Amino acid sequence: MPRVLILGGGAAGLFCGYRLKELKERDWGIVEAGQSGGGLARSKTDSKGFVWDVGGHTFTPKDRRYAVLFESIMKKDYLAHDKNSFAMVTGRLIRSPFQKNISALPSHLSARCTTDFMSRNATANVSDFENMLLSRFGRSISELFLLPYNRKAWKTDLKTLNTAWVEDSMGPISLDDLNGTTDTNKQKILYPARGGFGSFFERLSQSIHENILFEKTVTSVDIVNRVVRVNDSEVIPYEILINTLPLNCLLELIRHRERGAFRHHLVSTPLAVVGIGLSGKSRFEGKSWIYVPNPDVLFHRITFISNFSHNNAPVNCWSLMCEITPYGAIKDVASITRQTISDLRRIAVLQKTSNIESTHFEYINRAYPVPMLLRDDRLRQINGFLNSHDIFSIGRFGSWIYERSNTDCIFTDSVALVDRLCSSRQITIE
Ligand SMILES: Cc1cc2nc3c(=O)[nH]c(=O)nc-3n(C[C@H](O)[C@H](O)[C@H](O)COP(=O)(O)OP(=O)(O)OC[C@H]3O[C@@H](n4cnc5c(N)ncnc54)[C@H](O)[C@@H]3O)c2cc1C
């Protein structure tokens, strides 16, 4: 009987498994609905030879132990680049972060940004994201980029978002920071040389495959008798459960009586990704991605995926992916692809003469956990209940904490959880 049962074989489940194996624990297993591991961190190769990730993905391991694991799994089979990202504002490419590079704007706009920045009410007591932007950066910086971009990406009223997630990318700045004197764009990004972002997780999954049960969909969790039912039939007992499935799905699986009440706080946005594979020479060599705040352009981000590894496109080809936050499920893939190509031409990323060799489409029903204002109180309530039944929930939607939802933070949280569980069974996640 597995002492520890892990639900889900995405990044979080695989990191927990890796750590349990490293600690030489034997009684554990992962149940995964898919035929392979990786979850959102997977890559596909299309029939023309273009490699597509599920939206723009790169490795930025801040946790040294994650960097060590990445090296040990990838050996020398990866590439390192400088992050080279931009915001498209007034038709110009302004180096990211926008608020630190306003001197690249037309001079009248950059002067207005500076004046507004100096007269902002920086000490205002604000708790929501929209008002935080205005008080931290002033009206012009906010309205030229930060507000329209975030409205487009979140498709949620920004006054209903908290501010817990902003410190990395939108932390406080001084007047000296406005003009790009402090270079924050020099962060290194790592990327597998072959097979896309997901190839790291494929290899990680292979390293612990003997403990993973694939094609096993969890259909109920009985927290009293401590058994998980998979594929509506098989029963798997557990002592400790690590959940990496979306928290709202787990509440459904255990038939938590308040699962309906939590619905308003466990909010997520979907994502549509349109990939375009082209032949010829790219004019965007060396660029990582561009944020596009314009409300009349369909997508909010363009990622130049073949710049992460030229093996992501066939010889003499290049590729990009456009990310769109739709209002609901996409019914007409052909029309969204046509509109994406037309908008790429309108903003001069593609030209009339660009040769499109391949297109790719991916719809992710649940892509971003939205950081709602009352999120942390509700999560404390849910985790308190789960922990009292020896259930620990982590991962992008297992924790539902946006600022902990890239693989770097998930690695740190997974290792910390396994370490605590192995040393004591009485620990609760705060
Ligand atoms: C657009 C986008 C860009 C991103 N960019 C980056 C980036 O640049 N760098 C970075 O580090 N991270 C990035 N991330 C985050 C990264 O992809 C995710 O954090 C990570 O893959 C999530 O892992 P997870 O294990 O928490 O969840 P998931 O990947 O969702 O894994 C959950 C697993 O559970 C399985 N499952 C679901 N239901 C059941 C069931 N009933 N029974 C059994 N199994 C089930 C699923 O099949 C899946 O494999 C990005 C994410 C997105 C969406």
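Strands β10 and β11, the latter covering residues 227-230, are joined by four bridges and run antiparallel. One of these contacts can be pointed to directly: Asp222 has Val227 of β11 as its bridge partner. I should state at once that the model before us is predicted.

These two strands belong to an open sheet of three, ordered β10-β11-β12, with antiparallel pairing. The edges are held by β10 (218-222) and β12 (234-237); each has a single partner strand, so one side of each is left without a neighbour in the sheet. From one strand to the next, the twist averages 25°.

Let me turn to the ligand. Around the ligand there are 34 residues, of which Gly8, Gly10, Gly39, Gly55 and Gly395 come nearest. By character, the shell consists of 14 nonpolar, 17 polar and three charged residues. Domain 1 (4-35 + 214-266 + 371-423) and domain 3 (268-369) each contribute at least three residues to this shell. Among the secondary-structure elements, at least two shell residues come from each of α1 (11-22), β18 (355-369), α12 (396-399) and α13 (407-423).

I close with α1, one of those contributors to the shell. This helix has twelve residues and spans 16 Å from its first C-alpha to its last, close to the 16 Å expected at 1.5 Å a residue. Is α1 mostly covered or mostly exposed? It is mostly covered, with ten of the twelve residues of α1 buried. The buried residues of α1 are Ala11, Ala12, Gly13, Leu14, Phe15, Cys16, Gly17, Tyr18, Arg19 and Leu20.

Note on methods
Residues numbered from 1 in each chain as written. Predicted model: local features only at pLDDT ≥ 70, side-chain atom pairs only at ≥ 80, totals over all residues. Near = placed C-beta within 6 Å. Nonpolar A, V, L, I, M, F, W, Y, C, P; charged D, E, K, R; others polar. Domains from an automatic or database assignment. Pairing = 2+ DSSP bridges. Axes fitted to C-alpha atoms, helices over the stretch in contact; angles between N-to-C directions. Expected span 1.5 Å × (residues − 1). Buried ≥ 20, exposed ≤ 12 C-beta atoms within 10 Å, placed from the backbone.
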